Amino acid sequence: MSTPRQRAREQTMRDIVRIGREHLAAAGPTALSLRAIARDLGVVSSAVYRYVASRDELLTLLIVDAYDELGDAVEAGIAASGEDPRERFMAAARAVRSWAIAEPSRYALVFGTPVPGYEAPGERTTGPGTRVIVALLRLFDDAARTGRFAAAALTIDPDLGADLSRIREEYGSPLEDAQLVAATIAWTGIFGAVSFEIFGQYGTDTFAAPSALFEAQMEALAAGTGLS
């Protein structure tokens, strides 16, 4: 059981992350300041430094927080979508888009332009940052086991084959090389479509029905990768 001091510390950390989110949305990552966080918390800046050592540490907290919330959304979407592989894929894709639309500044933090001078610590961000990838991979694994994932045959370059073998071993996936390539296309296709929309790459007047466009893109992507 946690002590009152531990609970107070946990609450302060939650408050720091919450205020950090607000500042991120208002001014962007390069303007984040622990002094400004302290001001909104109503404490002196030295008090905040007892919890968060630097601006880079704050960025890491916000990145992990964003990845975890996105991962939660995708995993929940898949879990609620039943057993049909294409419906599960569509649910995952919709969850990514819905979260990105609701949290554009946080999406930009993790999938947009890198913050100058900041390098994310892999030992803290890789796990949260690969949650969506793992969820999608498990979705394709399950589809393959039930005969619902028939990727097109490919000639695989030996160097790529070595990469795919390493990924297969790391994640314990039963997918064959062509299936792993197709799953990669699906993963990057989701985030490519979402990023084009979130970052305004289509222009302002090209598509008046972005939701319908996304649905069509994801249906085509599911079919093209071999999900049935």
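D72 is partly exposed, with 44% of its relative area accessible. That residue is a handy place to start in this structure, which is a predicted model. From D72 we'll move on to a pair of crossing helices, then to Q179, and finally to what UniProt has to say about the chain.

**D72 and its partner**

- D72 sits in helix α4, which spans residues 55-79.
- Why does D72 count as partly exposed? Its relative accessible area is 44%, and the partly exposed class lies between the buried limit of 20% and the exposed limit of 50%.
- The side chain of D72 is joined to the side chain of R131 by a polar contact of 2.6 Å.
- Along the sequence, D72 and R131 are 59 residues apart. In space, their C-alpha atoms are 8.5 Å apart.

**Where α1 meets α6**

- Helix α1 covers residues 4-27 and helix α6 covers residues 104-111; their axes come within 8 Å and cross at roughly 90 degrees.
- That crossing makes α1 roughly perpendicular to α6, because angles of 65 to 115 degrees are put in that class.
- Which residues make the contact? On the α1 side they are R21, L24 and A25, and on the α6 side they are S105, R106 and L109.
- By type, the residues of this contact between α1 and α6 split into three nonpolar, two charged and one polar.

**Q179, buried or exposed?**

- Q179 counts as buried, because its relative accessibility is 12% and the cut-off for buried is under 20%.
- You'll find Q179 in helix α10, which takes in residues 177-198.
- Leaving aside residues up to four places away in sequence, Q179 touches A144, F149 and A151.
- With F149 there is a polar link too: the side chain of Q179 reaches the backbone oxygen of F149 at 3.0 Å.

**What the UniProt record adds**

- An unreviewed UniProt entry places the feature "domain: HTH tetR-type" at residues 10-70.
- In the model, residues 10-70 are 77% helix and 0% strand, and the C-alpha atoms at the two ends of the span lie 21 Å apart.
- The annotation "DNA-binding region", also from an unreviewed UniProt entry, covers residues 33-52.
- How much of residues 33-52 is helix? The figure is 65%, with 0% strand, and the end C-alpha atoms of that stretch are 11 Å apart.

How values were computed:
Residues numbered from 1 in each chain as written. Predicted model: local features only at pLDDT ≥ 70, side-chain atom pairs only at ≥ 80, totals over all residues. Heavy atoms only, no water. Helix = DSSP H or I, 4+ residues; strand = E, 2+ residues; numbered from the N terminus. Buried < 20%, exposed > 50% of the residue type's maximum accessible area, 1.4 Å probe, protein only. Polar contact = N/O pair within 3.5 Å; in protein donor to acceptor, adjacent residues only side chain to side chain. Contact = heavy atoms within 4.5 Å. Axes fitted to C-alpha atoms, helices over the stretch in contact; angles between N-to-C directions. Parallel < 35°, antiparallel > 145°, perpendicular 65-115°, else oblique. Nonpolar A, V, L, I, M, F, W, Y, C, P; charged D, E, K, R; others polar. UniProt positions renumbered as here; feature names shortened; annotations may be inferred.
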